[in-house]
Amino acid sequence: MKKILLFIVALLTICQAVFAKEMTKDQMFNRYKEEFIQNMWRVYPAWASSVGYHKYDSALIVPDESSRHKELDFCNMHLAALRKFDLATLSDANKIDYYLIQNQLNYTIFNIQELRQYEWDPSIYNISGSFADMLGNNYEPLNKRLHNIYVKLANVPAYYAAARANIQRPTAEHTQLAIEQNEGGMSVFKKDLREAMAKSNMTPQEKQKMNERMSAALVAIQDYIVWLRAAGKQQTRSFRLGKELYQKKFAFEIQSGFSAEEVYAKAVAHKAELHQQMYAITQQLWPKYMKDVKMPEDKLEAIRKMIDALSVNHVKPQEFQQAIEKQIPLLVEFIKRKDLIYIDSTKPLVVRREPAYMAGVAGASINAPGPYDKNGNTYYNVGGLDGWDAQKAESYLKEYNHYILQILNIHEAIPGHYTQLVYANQSPSIVKSILGNNAMIEGWAVYTERMMLENGYDGDRGVDSKEASPEMWLMYYKWNLRSTCNMILDYDVHVNDMSEDAAMTLLMREAFQEKTEAMGKWKRVSVTQVQLGCYFTGYSEIYDLREQMKDKLKRKFDLKQFHTQFLSYGSAPVKYIKQLMLSSN
């Protein structure tokens with residue numbers, strides 16, 4: 001691998017010398033980007049498959065010391081290659097790509113050498129998702145996909161053996177998550193793969209060989225689970241990152257124009273503003289819903305009681321997924337009526353039950369096709385309530401009540417994640433699509449929630465409504481508190497050692513969340529780091545940019561044009577999009 005990478009750098013140097021007179025600096029950089037992406041897929045075949053590049057589908061990298069050395073060699077060689085370009089000579093679009101590549105390479109080095117998550121997070125070792133994607137997406141004939149699966153299965157025992165060798169003092173929380181997700185993932189081999197084989201043209205001999213490797217894979221997964229149960233009883237490390245690691249990871253992952261500490265301070269201030277707005281609406285609605293009840297003097301208690309009164313309006317447990325499916329067309333019609341953003345109706349959106357191997361982190365999520373598989377299905381994964389007792393289900397449904405469910409669909413589907421990711425796949429820069437910035441992606445989804453209500457969206461008032469009801473705004477502010485308090489929670493837990501009791505007080509009293517939701521968020525913050533902060537960071541930067549553009553363009557400002565231009569840059573960090581938009585208008 002090292003020799004190959006050295007050859008690549010040497011080749012790049014030769015190409016620069018030979019074609020310098022014939023190619024512009026941007027053309028040279030574009031050629032380099034193509035080489036970088038192709039080399040990256042050889043090092044990260046699972047990543048390649050996830051974005052629709054299926055040349056290396058049969059490869060399963062064993063996560064051992066040798067593979068980490070290959071990653072470091074790849075990063076160092078390409079950092080050296082980047083330094084051969086004069087950043088000042090590149091176009092604005094290519095400057096962003098330069099920064100994205102540079103950040104990705106340095107982030108990988110940080111992950112391997114400093115964060116060392118491979119030692120303490122057993123949940124990163126889970127092969128089921130990649131096999132499920134190969135079975136679930138019809139990008140190639142079934143028999144070819146099954147052949148790649150057969151080849152890939154050969155490395156599963158070595159994969160889990162390397163995982164056990166890597167893990168040292170795992171956190172109890174990540175150990176439990178790994179057990180849950182790997183247990184759920186076994187259904188891919190016990191059920192899904194067998195069903196696919198039955199539909200295929202495989203010969204009896206081929207099926208026998210597949211079954212042998214599939215059985216070996218299941219044994220490897222089961223052995224890993226048994227090993228984890230024993231490891232979880234031994235001495236473990238804390239799941240908290242600490243200030244130094246958190247700040248570094250935040251800088252790499254979020255790529256904000258602000259530090260983690262600055263964003264945290266903004267979130268704390270925004271929480272106070274939301275409380276003021278919610279109390280004003282509570283005073284307005286109190287006579288309508290609580291006319292025979294005295295309003296508490298405690299403002300937060302009064303807001304809570306009003307939210308409780310509205311939250312009883314929710315769907316039945318068995319109707320949760322169907323309710324989501326029914327709301328999607330209403331969102332599309334509203335956007336078209338208001339001419340807010342172009343919606344590509346040719347890109348399918350499929351609402352489905354959350355697969356078992358994804359269980360344990362979030363109740364709703366989007367799985368979108370990558371830039372190489374632009375016509376693939378986008379899946380809206382919805383967590384099921386099967387097996388929940390009545391009290392837990394009621395708590396969950398009060399959280400995702402009639403109003404909140406609409407905002408959830410805006411966020412996850414239209415015009416949130418689904419819409420943004422369709423645009424991202426159309427970006428002329430594949431670097432921006434592949435190295436997409438999570439704060440921009442999540443921030444866009446949070447921004448659209450407010451934008452839709454600003455333009456009058458309210459499912460109860462129809463697609464021609466000119467303003468949302470006070471009830472809808474109150475619930476929106478409650479929902480916006482979620483992303484705001486996500487940032488506060490994440491920073492306080494990982495940097496300031498916030499206790500579980502203090503976290504539950506923040507989430508239930510100050511963010512007005514149901515106990516089930518708050519408990520789920522505590523679990524999430526204990527198995528993730530920084531990701532919870534991306535929502536508020538991206539949202540606040542996008543909203544501020546829109547207001548700046550309004551001030552700059554005055555009467556010439558057009559909301560649809562703003563959205564179209566903003567999304568045209570792909571999933572780039574907002575701070576770079578901001579530079580381009582302010583300079584081009």
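Start with helices H22 and H24, which are oblique to each other, because their angle falls outside the bands for roughly parallel (under 35 degrees), roughly antiparallel (over 145) and roughly perpendicular (65 to 115). This is a predicted model, where local features need pLDDT of at least 70, side-chain atom pairs count only at 80 or more, and totals for chains, interfaces and linings use all residues. Residues are numbered from 1 along each chain as its sequence is written, and side-chain values use heavy atoms, without hydrogens and water.

Select residues 470-494 (H22) and 515-527 (H24): their axes come within 10 Å and cross at roughly 45°. (Helices are DSSP runs of H or I, at least four residues, numbered from the N terminus; axes are lines fitted to C-alpha atoms over the stretch in contact, with angles from 0 to 180 degrees between N-to-C directions.)

Now show side chains. In H22, Arg482 and Asp490 are among the residues that meet H24, where Lys521 and Trp522 are among the partners (contact means heavy atoms within 4.5 Å).

Next, select 243-254 (H13) and 260-289 (H14). Their axes are 9 Å apart, at an angle of about 90°, so H13 and H14 are roughly perpendicular. Look for Lys243, Tyr246, Gln247 and Phe250 in H13 meeting Ala260, Glu261 and Val263 in H14.

Keep H14 and H22 on screen and add H25 (534-553): each supplies at least two residues of the lining of the second largest pocket. Which residues are closest to the centre of that pocket? Select His270, Glu273, Arg450, Tyr539 and Tyr543, from a lining of 14. (A pocket is an open set of points on a 1 Å grid where a 1.4 Å probe fits, with protein on both sides within 12 Å along at least five of seven lines; lining residues have an atom within 4 Å of a point.)
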